[in-house]
Amino acid sequence: MYQKVKGFRDIYGLEARYWNKVEKVFRQTFRTFNFEEFYLPILEKSEVFNRGIGSTTDIVEKEMFAFEDRDGTQVALRPEGTASLVRAYVENKLFSTPGISKYYYVGPMFRRERPQKGRFRQFTQAGIEVFGSGGPSIDADVIYLLYKLAENLGIQNFVSMEINSIGCPACRPAYNEKLIEYFKSNIEHLCGDCLRRLDKNPMRIMDCKNESCKKITADAPKAVDYLCGECRDHFDGVKSYLDALQVPYKVNPMMVRGLDYYVRTAFEMITDRLGSQSAVGAGGRYDGLIQLLGGPDTAGIGFAVGIDRLVSLCMLNETEKENDLDVFIISFRDISDKIALKLANEMRSQGVSVDMDYDFRKMKKQFSLADRYGSLFTVVLGEDETAKGTAAVKDMQAGTQEEIEIAKVTEYITDKLRRN
Ligand code: HAM
């Protein structure tokens, strides 16, 4: 027997059903905000992420599944979608389309993190990215969309929204200096990684998971206190649009995010229902990234949600049934097997979900299968009925039964289902 790779998992049964529902809700919601789907490759040249996400981030330093391909190219399984999508946007010259571009993607991401509840090495994200708009109204609408996803999934009571502004290339250097000064005066508490990051990228220390580092970051200078005038106005704008949209949020001045490309707005949708893995969705603005990856100076903002985590939250609601099948057909070899196959596919072509026992076992066995599938109706094609050209249609919820002409069963069932 083989076992799956550590941190990877199989998704099936009830969880797969919830998964399906979550993806459906996402796609519908993204469409209402006029986002278009983008299918991205899973493998990219490592450089896309090294440059895009930042070479001193945990993701790039420790977590990428990166390797040398047979032809010597350095490649990596994508750890996230933003850098990939920016690469695609630039490579396909999509910036030449006038106006703003709005894309969404859904798919697996890979990070070699320490696996634990809610944290996997392969996980699935649904993300959105908006290119070409720098004003605060789009930030608020993007945050609203994240909130709306939770609402449309019925889990808005399990989550809360935190926002922050982490400045821009104009005000970041002054803030970095303050951070370096502060951390140098607490240098004995810093872990090895943070010591290395201190001069190169001090903001990364704010994101360190090491307990000793965490203790001192609590009192570190906060980016919001060092914003330039433009960043401050932008942040005030975001907050006032969020107020207008009545999105509940809290400013968390400690949030810096684990990827280097962010400027100004950063946000996270968090939960306290999934143990230590609290972030169910997160994002922010990344105005310099498109240029960094070779494109024109274009603003960008987006977020990604972790579908694995959202599915776990949805499962707390326990509304989805184990299975639901519209119709189960009970039939018998050489008596009604062919009628059953034809009838099943006639109903399926009307959008009714139908299953049957392809081994045509004893009636009792077939009823128990219908039960297992939780079928709403059972159509029995017994010897007596088929001789008359009829079927016994059982409404499993009401416990009633009617004899219907075989030719009219599909119409009868679709009509009943519509009324249900
Ligand atoms: P991120 O915060 O790294 O952002 O990931 C977004 C979400 O992916 C997290 O909030 C979490 O729900 C989920 N996630 C991340 N790692 C794991 C894991 N190991 N296991 C399960 N779920 C996980 C990004 O990836 C950015 N690209 C978001 C973004 C888009 N920013 C701008 N545009």
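Strands here are DSSP runs of type E, at least two residues long, numbered from the N terminus. Keep that in mind as you click around, and remember that this is a predicted model.

**Stop one: the ligand.** Select the ligand and bring up the shell around it. Which strand gives the most to that shell? It's β10, with six residues. Now colour the shell by residue type: you should get 11 nonpolar residues, eight polar and seven charged. Of the 26 residues around the ligand, pick out E80, T82, E113, E129 and Y262, which come nearest.

Next, look at individual polar contacts. Show the side chain of Y262: one of its N or O atoms sits 2.6 Å from a nitrogen atom of the ligand. Over at F120 you want the backbone instead, where a polar atom is 2.8 Å from a ligand nitrogen. For an oxygen atom of the ligand, go to A279, which has a polar backbone atom 2.9 Å away. Put a surface on the ligand alone and there is 660 Å² exposed, 96% of which the protein buries. Then highlight β6 (122–131), β10 (279–285) and β11 (300–306), the elements that each give two or more residues to the shell.

**Stop two: helix α4.** T82, already selected beside the ligand, is also one of the buried residues of α4. Select 82–91 to get the whole helix: nine of its 10 residues are buried, so the rest of the structure largely encloses it. The buried ones are T82, A83, S84, L85, V86, R87, A88, Y89 and V90. What should you switch on to see what covers them? Try β2 (43–45), α2 (46–53), β5 (101–110), β6 and α10 (289–292), which are all part of that cover. Before leaving, click on K93, which follows α4 and has a positive phi, near 50°.

**Stop three: the two domains.** Zoom out and colour 13–171 plus 227–315 as domain 1, then 327–419 as domain 2. Draw a line between their C-alpha centres and you'll get 47 Å.

**Stop four: S375.** Finish with S375, in strand β14 (residues 375–380). Is S375 buried or exposed? Buried means under 20% relative accessible area, and S375 counts as buried because its relative accessibility is 5%. To see its contacts, leave out the neighbours within four places in sequence and select L325, D326, V327, F328, A370 and M396.

Note on methods:
Residues are numbered from 1 along each chain as its sequence is written. This is a predicted model: local features need pLDDT of at least 70, side-chain atom pairs count only at pLDDT 80 or more; totals for chains, interfaces and linings use all residues. Side-chain values use heavy atoms; hydrogens and water are left out. A residue is near a molecule or strand if one of its heavy atoms lies within 4 Å of it. A polar contact is a pair of N or O atoms within 3.5 Å; within protein, one must be able to donate a hydrogen and the other to accept it, and residues adjacent in sequence count only if both atoms are side-chain atoms. Accessible areas come from the Shrake-Rupley method with a 1.4 Å probe; for residues, only the protein chains shown count as cover. Helices (H or I, at least four residues) and strands (E, at least two) are DSSP runs, numbered from the N terminus. Ala, Val, Leu, Ile, Met, Phe, Trp, Tyr, Cys and Pro count as nonpolar, Asp, Glu, Lys and Arg as charged, and the others, Gly among them, as polar. Buried means under 20% relative accessible area, exposed over 50%, partly exposed in between (1.4 Å probe, protein chains only). Contact means heavy atoms within 4.5 Å. Domain bounds come from an automatic or database domain assignment.
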